[in-house]
6 protein chains.
Amino acid sequence: MPNQKQPNQAAEVLIQALPYIKQYSGKTIVIKYGGNAMIDETLKAAVMQDIILMRYVGINAILVHGGGPEISDAMQRMGKEPAFVGGLRVTDAETMEIVEMVLTGKTNKNIVAHLNKQGGQAVGLSGKDGNLIVAERETTKGDIGFVGRVVKINPELLHTLSAAGYIPVISSVAIGAEGESYNVNADTVAGELAAALSASKLIVMTDVEGIYQDFADKDSLISQMTVKDARQLITDGVVDKGMIPKIESCVAAIAGGVERAHIIDGRLPHALLIEVFTDQGIGTMIRR
Amino acid sequence: MPNQKQPNQAAEVLIQALPYIKQYSGKTIVIKYGGNAMIDETLKAAVMQDIILMRYVGINAILVHGGGPEISDAMQRMGKEPAFVGGLRVTDAETMEIVEMVLTGKTNKNIVAHLNKQGGQAVGLSGKDGNLIVAERETTKGDIGFVGRVVKINPELLHTLSAAGYIPVISSVAIGAEGESYNVNADTVAGELAAALSASKLIVMTDVEGIYQDFADKDSLISQMTVKDARQLITDGVVDKGMIPKIESCVAAIAGGVERAHIIDGRLPHALLIEVFTDQGIGTMIRR
Amino acid sequence: MPNQKQPNQAAEVLIQALPYIKQYSGKTIVIKYGGNAMIDETLKAAVMQDIILMRYVGINAILVHGGGPEISDAMQRMGKEPAFVGGLRVTDAETMEIVEMVLTGKTNKNIVAHLNKQGGQAVGLSGKDGNLIVAERETTKGDIGFVGRVVKINPELLHTLSAAGYIPVISSVAIGAEGESYNVNADTVAGELAAALSASKLIVMTDVEGIYQDFADKDSLISQMTVKDARQLITDGVVDKGMIPKIESCVAAIAGGVERAHIIDGRLPHALLIEVFTDQGIGTMIRR
Amino acid sequence: MPNQKQPNQAAEVLIQALPYIKQYSGKTIVIKYGGNAMIDETLKAAVMQDIILMRYVGINAILVHGGGPEISDAMQRMGKEPAFVGGLRVTDAETMEIVEMVLTGKTNKNIVAHLNKQGGQAVGLSGKDGNLIVAERETTKGDIGFVGRVVKINPELLHTLSAAGYIPVISSVAIGAEGESYNVNADTVAGELAAALSASKLIVMTDVEGIYQDFADKDSLISQMTVKDARQLITDGVVDKGMIPKIESCVAAIAGGVERAHIIDGRLPHALLIEVFTDQGIGTMIRR
Amino acid sequence: MPNQKQPNQAAEVLIQALPYIKQYSGKTIVIKYGGNAMIDETLKAAVMQDIILMRYVGINAILVHGGGPEISDAMQRMGKEPAFVGGLRVTDAETMEIVEMVLTGKTNKNIVAHLNKQGGQAVGLSGKDGNLIVAERETTKGDIGFVGRVVKINPELLHTLSAAGYIPVISSVAIGAEGESYNVNADTVAGELAAALSASKLIVMTDVEGIYQDFADKDSLISQMTVKDARQLITDGVVDKGMIPKIESCVAAIAGGVERAHIIDGRLPHALLIEVFTDQGIGTMIRR
Amino acid sequence: MPNQKQPNQAAEVLIQALPYIKQYSGKTIVIKYGGNAMIDETLKAAVMQDIILMRYVGINAILVHGGGPEISDAMQRMGKEPAFVGGLRVTDAETMEIVEMVLTGKTNKNIVAHLNKQGGQAVGLSGKDGNLIVAERETTKGDIGFVGRVVKINPELLHTLSAAGYIPVISSVAIGAEGESYNVNADTVAGELAAALSASKLIVMTDVEGIYQDFADKDSLISQMTVKDARQLITDGVVDKGMIPKIESCVAAIAGGVERAHIIDGRLPHALLIEVFTDQGIGTMIRR
């Protein structure tokens, strides 16, 4: 009997992925891409491979991204000082233009180029393309300019592209009734898209391990919870500020019919593959 | 007998357009959009209407654009001084990033928003999406950085979008073998795309009436000419510098199988409609 | 800036037609063709152009026609004296044969030939083809022979032909349960077809400007009215006899789900185009 | 063991038809319908059943007809005296109008009604519909008016209708370049259509048993012959005048790629079924 | 007038079959094949022809078979003694293996080969293929081993094969949750399949003329009866033991939505054709 | 930074498989299944998983099998003594029946059941189904009965099943012109099918590590060779008898256009996955 241990282990891994492949083949998974996984070149390369693998086993992977640090950086280079109100960027017309140029013209196409280089067929979009994400001015936080609230998703363009084998990559810029641009939180966009596409999963990539019962106690990681629990957590005010839109995005997705939403640690290489194709769930899973 | 003169004239115009509608319905027309028609708001609105009308009568309209002035403007805001060698922008890595942000993130989406606002279904693309325009470094003019030479067009994405009723709007940024970005002349891109798509027409919008036999003599406008004549004109060195890439684009399109290429005056409102749907040819037409 | 006034006006007209093209592209419009527009060669040519233009902008145009004067003429040449009871032609077996020969073998194919000559792809049908219009004997007016009352529309053949790009032209002859022919009022046929096809519009061409509030007062033209008003007008007995079946056809169409029905003046060249593609509504429009 | 002789015989017949059903299912058979089979009501009913049966076993049956006696009859009723030159009807404009009315408006729709009554889905066409049969003036026999020579067949409409399950019934009227009508020999039309459709069979129904070696000797019936033999027979001048266009039609069909052409005796009830579905070939078969 | 009596009679038979062809074309007929018709070579050949003819006129014919005598024969050759409890074969693991080998490996492929030899395109299946017939252990009769009770039909494979023109031939072996084999009564399988496929007809072939009111009185054959009557007959205990599963199969089919179920005499050559294509109903028909 | 070593390794394996998934997705791989991998339950389960995984990443996997030991076993149980001439089983009619029952009724359906149990959608076929493998009597080795030589592959059925997502499992029994069965070497069948399907790969599973340069020297394993080398090896007579049909099968496949043929060691668990999805080629690869 031959002794070829290494490949055998490889085979075992592939075989263990089989039930997950069966489960998600032909389904849609929306991924909110962000954090270190979008900055660190090694992590980035790993995300691209994960997405392409999903596509090859028949999963309609849809990538949504924002791009915080790059925006502030560009603003400063252009002599504008970033300002925030309640976590939202104050977005005057000039800022909106910079936001759009950075997100759609730089970050988005950079992701597209990385996917294509590794053998994917990606198409970069903003919410303007095919009127994909229609928004109106967010007015509940005072006048903070072109910050938008999603009012309608037109998902037909995504169906057309997915059916033709393309991987859509979407920047979180929306279009208004007069064709004007809106800056929308990327977590929110991901949740709305997942709901509109009746996705099987929403996966939000972040830079922490998941949601903690007690933010200060790193041992209190919650592996899964119900929507109700998630809402309670926000009400209780025990979660980190930056985590709130991510949890709200998950809640909106589940409320909109998505089966499961995950907040995972993007610092872990191939976190997406591990979440989707192994029995080791990672991060926090939110369900009905 | 009733007297309704006005509508009657309207009917006559529509009827005169019929033979052209018949001729181009189901065909592809590539339009190089640029010049005043991209700056003046009234002209811009007219171009958008023209494109949407083409789409409704079954023409697969494909829009290609560059964005010269906006790029230099953004560079200066970022403290970079534009430099040119032989008409080509010296494009170091930082400049390339600005070029891409402006073209793809601002100019492109601005056109998309205008089309959508008027009832079109536009999708903005750069040459990176679906590996649409593959380029390599242009090396014949010395080291001018990320200036690209088109080596391959992958038109499948355009077929997918056109078949689904979308209007593709393409910025003149190309992708290299390593996923890097290239700045390519938009006239050149339009000509290459027209050839790759076996378009019926290439229409290049500019800010002059057409090609003059003698650039100094405004009465010497050439209404039509052969490819051979066009090549001779360049050899003779009698055309304006800025016109050369436009003529070369037309020559490349015709050589690649396009039936007719036109250089038209974008300052004329609805110049596209007039060219395509009326018997009054405008500008200069180049044929085999 | 160039001065090319004429084409500019042409462009304006085309652009003004754009909203109407958007509205009706992909929809069905049933046209009852008749009156002077079917006799005068210039008007006829204009109608054909109008229909072909509709087809090119994606409208499923369906033409229905009768042929009164030609029938009486052929009868007299064959030694039969035309007779009418309550506006309906007394149709014995021999008359029915003449009616069918004239309508289906002459008038219908004449229209088909005109459309084809101008670049359309027309197919002439009678209600017998594909059992398109099934009728039974009209018995409410005494024994007037093979005058039919529509009992069923089988529109599948029209869907097949429209989907393949053909323009159906339909003569108002129906088929009975035993395969026998029936002479049916063409206005009635048009209304029934419009309802069965869930058309967006029914347009009835006639030789007056529209419906008058007071038939004697040419200034009393009604530009639009509700179905209820239209029914009242008939009840009040203030409309011309010949107009009654036209109004009833419109009423039946609206009752059957058609959005709008129009009675327009076929003496006006390109009345169809003006009605469909300009903002100057002509004639009388009947709505819900 | 039961004794049910009658059904058993029925089963045998059906089984004997099986190899022929296999052979022609999915293929096209063009039938020139004429003679007694178009006049005698019993024969007529039998032809309709035969055609419908063909359609049900997957054969694309296409019916072509003329209508000689009915035309002369109608002409006389209209006070025109029929005239012939070399077997061709002298066809002035008025005669052409009568020919078209009778063939397309009466004979054609009568066949359609009979097919529909028996459960078929027939669509009556003339050569004008969809520009099916394009002709020009036949000038080799002197000025005999609107007698046409086929110059082009546009078979797309027949493909559309056959694919949708309809049985096309075609009158032998053709369309000219100006939309004018031409009277074309129906045998000729059948042969040209069979060739244009790459039919498997052309079947010409006539009122004799087939082609005789010696027209005077009824025992000299030829059961099969080559195209070469058929041409020789015409050259030798030994066949009946009326048979010449039928033989020429068969020759043209075979020359155009049709596998087999048959001249059969339409006086025999169900002659079509017998020819197509039994091993008893009837009439004369012409092959390569 | 020619005298060709024989073919004329053939044509009459074909024409009499036309209404039945119209009725069943495009519909599904499930046939339980068994008895002498599966043993006698002449009868067998006739059944194959009948099935192929059905297929050619557009009927989706589905064949189900068991194979009693061959199984016992093979068992004895392998030194196993057949045993039965309440009409069901005691099926230990070894017997199940023999049953499966004989039914699926011999009887089934023998039928496939016969159909193919005569020009059909048959595909032999057992209930394991595509999980077509899922069963669980029949426990109501004590421990009789791998005798199965149908719990689910997965008909997709049959739709795929029928749509591609193949004739499915199915042996009565089912698959259990662990992939184990079950021996299921073929009559039962036929009834369940007919219901799952919403068949138009279930035809059960047997070796008697049909169902008798009084089994001892051969003159008491019932030509048709309702489901209610059929159930009463079983309750009354007046039918032959072997007939009970056949009647129950018909009852289950009708209850499951099948229009008509027939028990016919397979000893009669072409009994299938006679039942389906002639007006002489044979055997016993059960309806709602 | 988290420490989750295990899943990370899993991800690495999946990612290393990505280039192979890209390469073979949408392609056909024919697998000759046999040897210990068909006997040992653990190995068997692993093969089934490998096949299902291939199917999920878009590979059209086609399984071919023989069944040597089970046939001899069944023969002996039925009192027949197996006999061989030149490596081929002497196959009289009775033996052929046993061969077919065992291969098609037992071995084949056993594989189907295993695949289905693990979530595949398998369909078991013999060469009789859809006339998949047509053979004639092998006469070059004297009279050895129903041993067949492949004369034609009709692969349509496999295309139909693969397109619908099924995994075809094929026993090495062929059909003759009269519908008779032939026993064909399964290696040969696999090679012929691979060629007829223009497969990307043929993989032959065996019980040795591959082909040895010197059969006695286990260190002389050949990792890859050309067809020419393979032919030479057979000519030189240095390979094991049992290996000859396997090498010939590979040679025939390559000659018929298959890109690569592999002889791999089925005793190694998941040998198929390792061969297809890892960079560690195993066994011997034969190429052009």
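In this short talk I will go from one chain, through its sheet and one of its residues, to the contacts between chains. Please keep in mind throughout that what we are looking at is a predicted model.

Let me begin with chain A, whose secondary structure amounts to 9 helices and 14 strands. Its radius of gyration is 19 Å, close to the 19 Å that the globule rule gives for 288 residues, so chain A is as compact as a globular protein of that length. If you follow the C-alpha trace along its principal axes, it spans about 75 × 45 × 35 Å. Of the 288 residues in this chain, 57% count as buried, and among the contacts in chain A with a separation of 6 or more, 73% are made by residues 24 or more positions apart.

For the sheet I will turn to chain E, where 8 strands form an open sheet in the order 5-8-2-1-11-13-14-12, with mixed pairing. The edges are taken by strand 5 (122-126) and strand 12 (224-226) of chain E, each of which has a single partner strand, so one side of each is left without a neighbour in the sheet. Averaged over the sheet, and ignoring direction, neighbouring strands are turned by 20 degrees against each other. At one of those edges, strand 5 of chain E runs parallel to strand 8 (residues 167-171) of chain E, and 5 bridges join the two; within this pairing, E:V123 has E:P168 as its bridge partner in strand 8. Helix 8 (residues 243-255) of chain E packs on the sheet, where it touches strand 1 (28-33), strand 11 (201-206), strand 13 (260-265) and strand 14 (284-287), and its direction makes about 175 degrees with that of strand 11 of chain E.

Staying in chain E, I would like to pick out a single residue, E:Y20, which is found in helix 1 (residues 5-24). Is E:Y20 buried or exposed? It counts as partly exposed, because it has 17 C-beta neighbours inside 10 Å, whereas a buried residue would need 20 or more. Leaving aside residues up to four places away in sequence, E:Y20 touches E:V276 and E:F277. The C-alpha atoms of E:Y20 and E:E275 are 9.9 Å apart in space, although the two residues are 255 apart in sequence.

Now to the contacts between chains, starting with chains F and E. A rotation of 180 degrees with 0.0 Å of shift along its axis superposes chain F on chain E, with an RMSD of 0.0 Å, and the two copies are thus related as by a two-fold rotation axis. In chain F, the C-alpha nearest that axis belongs to F:G105, at 1.8 Å from it. The contact between these chains takes 30 residues from chain F and 30 residues from chain E. On the side of chain F that touches chain E, helix 4 gives the most, with 13 residues, and by class that side has 10 nonpolar, 11 polar and 9 charged residues.

The contact between chains A and F takes 34 residues from chain A and 33 residues from chain F. Helix 1 of chain A provides the largest share of the side of chain A that touches chain F, namely 12 residues, and the residues of that side divide into 21 nonpolar, 9 polar and 4 charged.

Finally, some chains do not meet: no contact joins chain C and chain E, whose closest C-alpha atoms lie 17 Å apart, and chain B does not touch chain E, the nearest C-alpha atoms of that pair being 28 Å apart.

Methods:
Residues are numbered from 1 along each chain as its sequence is written. Chains are lettered from A and ligands numbered from 1 in the order in which they are written. This is a predicted model: local features need pLDDT of at least 70, side-chain atom pairs count only at pLDDT 80 or more; totals for chains, interfaces and linings use all residues. Copies are superposed by least squares on the C-alpha atoms of residues with pLDDT of at least 70 in both. Two residues are in contact if their C-beta atoms, placed from the backbone, lie within 7 Å. Helices (H or I, at least four residues) and strands (E, at least two) are DSSP runs, numbered from the N terminus. Ala, Val, Leu, Ile, Met, Phe, Trp, Tyr, Cys and Pro count as nonpolar, Asp, Glu, Lys and Arg as charged, and the others, Gly among them, as polar. The radius of gyration is taken over C-alpha atoms; the globule rule is 2.2 Å times the number of residues to the power 0.38. A residue is buried if 20 or more other C-beta atoms lie within 10 Å of its own, exposed if 12 or fewer, and partly exposed in between; C-beta atoms are placed from the backbone. Two strands pair if DSSP finds at least two bridges between them. Axes are lines fitted to C-alpha atoms, for helices over the stretch in contact, and angles run from 0 to 180 degrees between N-to-C directions.
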